[in-house]
Amino acid sequence: MRLAAGAFIAGAGSRLLPVSIPFRFFGAAVAFHLLAWIALFAGGDEAPRFAGGLGWPLAALHLFTLGVLVMTAIGASLQLLPVATRRQVGSEHWPAAIWWFYTPGVAMTAFGMGVGATSVLAAGAAAVIVALAAYAVLLARNLAGAKGMPIIVAHGWAALASLFVVIATALALAGTYAGTPTIDRTTAIALHATFAAYGFMGMLAFGLSYILVPMFALAAVPDPRQGWASFALAVLALVLAAAAALDFAPALLRTAAVAAGLAAVALHLRLMTIALKTGMRRHLGRSFALVRVGWGFLVASLVLAPAVAIDASFDRVATLFGFALIGGWLLTFLLGILQRIVPFLASMHAGQVGTRGRGLPPTPSALTAERPLAIHFACHLAALALLAIAIAADSALAVRAAAAAGAAGALAFGAFFATVLRRMRRPKPPAGAGTMPAS
Amino acid sequence: MHARPNDSPAAADNPPGRRWTDADGIHIDVRGLAPPGPLVAIVELIESIGGGTTPVIVHHERDPVLLHGELAERGWTVERIDGLPGEVRLKLERAR
């Protein structure tokens, strides 16, 4: 039974889902990425001073977070966690059903936020919460039966616990908008932002990085002792931040949370840097340039966090913090990783096609599209720079320029994704053995 | 590298990442390695072969899902062959 590389991975005994499952999440994320920048353009006047409240800046924020970040996290975790846990996700119907609830739910939530239609917002939020609850069940089942990589499993459990806090505080905030508040809005926002970004997304990003970064760099598995230390510090930071948000010695615990968070990040980044420096593949191109930019913004967000808490004299510091956290770290990091995962998974899928007498399957480098990724890279970094200027200078014009650059980058990223899909379905003969793409 | 009969029970006792040579090719046992350890060990081995055509026999405990993109990039094919109970044994060859 001779197969082209990748041919039997999606067989009956495989731990991987069919590629259509993660790719529908990635495809939706690509579309929401463009819509997020358009929503930011629409909310340009309010965006530089945005600190919550219905409107297009809030819609843009949730198109980025729910539409791009969480959408990608669901697709990637359903595909990659089984590799670490050595346990299948189970039925393919659940992930598909989650997508059908989640995608329109995100669209309705964002639209409701943008136009101030609370009934649409509530209906969308309900669909999102149902989908996230179902995802939480799938995640918990997979983690509970895990047979390997305890450090990644631990990060998964922390992400899952954070997801519960995110859902609970989302319900509380939705209740506030609907006129039925349950907990203090400031407390709910603090918990929601912390546990969504650092808790759910951050823990998944850190955990999956222990596979993905050495895999792309072809490096040894990072030192587990330091990984566990980073994990413990990150959990401590989340617990301290939660206590501070609930008004238990807030100044002291907030400072301690930031210190623990910085220590966790320092250890994690040290391990990632070692992997990148010692791996067989040293040149990871634009994708890892974005990853490195993202890591820089992660540190910047933690440095800015105390200023938000003490209500610093610069009145747009909360907006700057949110920009560093969501746009700078999570979005940039994720787009860097996504442009490597997509051709990689597509190649594995195309390997099945390759068994039908077509010889070798297309390689990841043959499936990717360099020019759109180069355009995206330039546009994304320009958008980040312009957004920082917009917040610093309180400039609606700069926000719109940033949104235009971001939208152009999102279109280019969409062209990259469409090219991979097209090439995956009609595989061309490989150009020859070589190295991975330069991005 | 060590000469060792690849079908003997001793093959199952190799420490992770251990290599040896037999008549059918160069063997590598990646059982027990956490991802992406098997990927790295196997890629390191086929890179060390260079332009040679010596087959590589991989002793694994699961389907190596992370490996396939890297093998495709390097123009290698993979064939599943009979192994010991509980083992996934693969024969990797440079595509002709």
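Read along the sequence, chain A of this predicted model follows the pattern β-α-α-α-α-α-α-α-α-α-α-α-α-α, and its secondary structure comes to 13 helices and one strand. Of the 439 residues in chain A, 59% are buried. The contacts also reach far along the sequence, since among those between residues at least 6 apart, 78% join residues at least 24 apart.

To see how the helices are arranged, one can begin with helix 2 (residues 56–85) and helix 3 (residues 93–115) of chain A, which pack at an angle of about 170° with their axes 8 Å apart. Because of that angle, helix 2 of chain A is roughly antiparallel to helix 3 of chain A. On the side of helix 2 of chain A the residues that meet helix 3 include A:W56, A:H62, A:L66 and A:L78, while those of helix 3 of chain A include A:P95, A:I98, A:V106 and A:M113. By class, this contact of helix 2 with helix 3 holds 12 nonpolar, four polar and no charged residues.

Helix 7 of chain A takes part in two of the packings described here, and the first partner to consider is helix 6. Helix 6 (residues 185–217) and helix 7 (residues 224–245) of chain A pack at an angle of about 170°, with their axes 10 Å apart, and these two helices are therefore roughly antiparallel to each other. Among the residues that make the contact are A:L191, A:F195, A:Y198 and A:F206 of helix 6 of chain A, together with A:G227, A:A234 and A:L238 of helix 7 of chain A. This contact has 12 nonpolar, four polar and no charged residues.

How is helix 5 of chain A oriented with respect to helix 7 of chain A, roughly parallel or antiparallel? Helix 5 (residues 150–177) packs against helix 7 at an angle of about 10°, with their axes 10 Å apart, and an angle under 35 degrees counts as roughly parallel, so helix 5 of chain A is roughly parallel to helix 7 of chain A. The contact involves, among others, A:I151, A:H155 and A:S162 of helix 5 of chain A, and A:G227, A:W228, A:F231 and A:L238 of helix 7 of chain A. Sorted by class, its residues are eight nonpolar, three polar and no charged.

Finally, one can turn to the interior. The largest nonpolar core has 194 residues, of which A:A36, A:L330 and A:A402 touch the most other members. Helix 10 (residues 317–353) of chain A gives the most to this core, with 23 residues. As for A:A402, leaving aside residues up to four places away in sequence, this residue touches A:A383, A:L386, A:L387 and A:A390.

Methods. Residues numbered from 1 in each chain as written. Chains lettered and ligands numbered in written order. Predicted model: local features only at pLDDT ≥ 70, side-chain atom pairs only at ≥ 80, totals over all residues. Helix = DSSP H or I, 4+ residues; strand = E, 2+ residues; numbered from the N terminus. Buried ≥ 20, exposed ≤ 12 C-beta atoms within 10 Å, placed from the backbone. Contact = placed C-beta atoms within 7 Å. Axes fitted to C-alpha atoms, helices over the stretch in contact; angles between N-to-C directions. Parallel < 35°, antiparallel > 145°, perpendicular 65-115°, else oblique. Nonpolar A, V, L, I, M, F, W, Y, C, P; charged D, E, K, R; others polar. Core = buried A, V, L, I, M, F, W, Y, C linked by C-beta atoms within 7 Å.
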